[in-house]
Structure formats: C-alpha cells, structure tokens
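Please open the model in your viewer and keep a selection panel at hand. The stops below are arranged so that each selection leads to the next.

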Amino acid sequence: MGERCYYVYILASKIGGTLYIGVTNDLIRRVAEHKLKLIKSFTKDYDVVKLVYFEQFDDPENAIKREKRLKKWKRDWKIALIEKDNPNWNDLYSGIAGPP
C-alpha cells in the first residue's frame, strides 16, 4: 500500500481577495468539493474556490501544525507566500486534477 500524503492548501476568491486555509489527505477531492459548493461553509458563502497555494506532507501531524501556523500569520505574509510561487494567483486545480 502506498504512502498517504497530506496537504495544506490556500483558496482565494480572487487576486487579493478572501483567503481560506485548510488541510486534507485528498487535495483533488477536497478542492472539488469547495468548487462544487457541496458543503455549506465559509468557502461557499464567500465564493472562495480558487486553489492558489498548497504544500505536501508525509504525516498528518506536520500538516495540521503547518495549517495552524499559517492561520495565525498576518495577511501580508500569506499573500507573500502565495505570490512567491504563484504571482498571478492562477488556479492550480487544473494542473493537479487535469482538464474537466
């Protein structure tokens, strides 16, 4: 059986818009749930469905620790983190999930 991966991810409503930070063991499924607005949530209410950043971890403890740390960061720091690798705030979902 393969190793399980865990992800910390940031969704945005638009460039410089509302941000959401989450953690999951299935990034494609979880982002799809946000995009399809399947669950009544903050992301559904504020249309926060654009995957702009993610990190991969080998164990859930480190992923959860990272998520909690990022949630405490100042907004400017979060924006800088996103823009370091994704300056145009492109939606990274199609790159990991493939075309619809």
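Begin by selecting Arg-66, which is buried, with a relative accessible area of 14%; bear in mind throughout that this is a predicted model. Its partner is Glu-55, and the side chains of the two meet in a salt bridge with 2.7 Å from N to O. This pair links distant parts of the chain, Glu-55 lying in strand β3 (residues 50-57) and Arg-66 in helix α3 (residues 60-72), 11 residues apart. Glu-55 likewise counts as buried, at 14% relative accessibility.

**Other salt bridges**

The structure holds nine salt bridges, and a second one to display is that between Lys-35 and Asp-91, whose closest N and O atoms are 2.5 Å apart. Here too distant parts of the chain are linked, since Lys-35 belongs to helix α1 (residues 27-36) while Asp-91 sits in the loop between α4 (75-85) and α5 (93-97), 56 residues apart. Lys-35 counts as partly exposed at 28% relative accessibility, and Asp-91 counts as partly exposed at 27%.

Next select Asp-45 together with Lys-40, whose side chains meet in a salt bridge at 3.3 Å, N to O. Asp-45 counts as partly exposed, at 48% relative accessibility, whereas Lys-40 counts as exposed, at 66%. To finish with the charged pairs, select Asp-26, Arg-29, Arg-30 and Glu-33, which are linked in a network of salt bridges.

**Helix α1 and the residue after it**

Staying with α1, colour Leu-27, Arg-30, Val-31, Ala-32, Glu-33 and His-34, which are buried. What covers the buried residues of this helix? Show β1, β2, α2, β3 and α5, which are included in that cover.

Just after α1, stop at Lys-37, which takes a positive phi of about 55°. Most residues other than glycine have a negative phi, which is the reason for pausing here. Lys-37 is placed in the loop between α1 and α2 (42-45) and is partly exposed, with a relative accessible area of 31%.

Now jump to Trp-89, another residue other than glycine with a positive phi, near 55°. Trp-89 is found in the loop between α4 and α5, and is it buried or exposed? With a relative accessible area of 1%, Trp-89 is buried.

**The nonpolar cores**

Trp-89 also leads into the largest nonpolar core, a set of 15 residues in which Val-8, Ile-10, Leu-19, Val-52, Ile-82 and Trp-89 touch the most other members. The elements giving two or more residues to this core are β1 (6-12), β2 (19-24), β3, α3 and α4, and the largest share, four residues, comes from β1. Centre the view on Ile-82 and display its contacts: leaving aside residues up to four places away in sequence, Ile-82 touches Ile-10, Leu-19, Val-52, Tyr-53, Pro-87 and Trp-89. Apart from this core lies another, of nine residues, among them Tyr-9, Leu-11, Ala-32 and Tyr-93.

**A buried lysine in α4**

Select Lys-78, which lies in helix α4. Lys-78 is buried yet has no salt bridge, and the nearest side chain of opposite charge, that of Asp-76, is 10 Å away. A salt bridge requires a side-chain nitrogen of Lys or Arg within 4 Å of a carboxyl oxygen of Asp or Glu. Which residues does Lys-78 touch, not counting residues up to four places away in sequence? Select Leu-19, Ile-21, Leu-70, Lys-71 and Trp-73 to see these contacts.

**Aromatic pairs**

Trp-73 opens the last part of the tour, as the structure holds five aromatic pairs and Trp-73 forms one with Trp-77, edge-to-face, at 6.1 Å centre to centre and with 80° between the planes. Trp-73 counts as partly exposed at 25% relative accessibility, and Trp-77 counts as partly exposed at 46%.

Finally, move to Phe-42 and Tyr-46, whose ring centres are 4.8 Å apart and whose planes stand at 35°, so that the pair is tilted. Phe-42 counts as partly exposed, at 37% relative accessibility. Add Tyr-9 and Tyr-20 to the selection, for Tyr-9, Tyr-20, Phe-42 and Tyr-46 form one aromatic cluster. Tyr-9 is also among the residues of the nine-residue core visited earlier.

Key: Residues are numbered from 1 along each chain as its sequence is written. This is a predicted model: local features need pLDDT of at least 70, side-chain atom pairs count only at pLDDT 80 or more; totals for chains, interfaces and linings use all residues. Side-chain values use heavy atoms; hydrogens and water are left out. Buried means under 20% relative accessible area, exposed over 50%, partly exposed in between (1.4 Å probe, protein chains only). Lys and Arg count as positive and Asp and Glu as negative; His and the chain ends are not counted. Contact means heavy atoms within 4.5 Å. A nonpolar core is a set of buried Ala, Val, Leu, Ile, Met, Phe, Trp, Tyr and Cys residues joined through side-chain atoms within 4.5 Å. Rings of Phe, Tyr and Trp (its six-membered ring) pair if their centres lie within 6.5 Å; planes under 30 degrees apart count as stacked, over 60 as edge-to-face and the rest as tilted.
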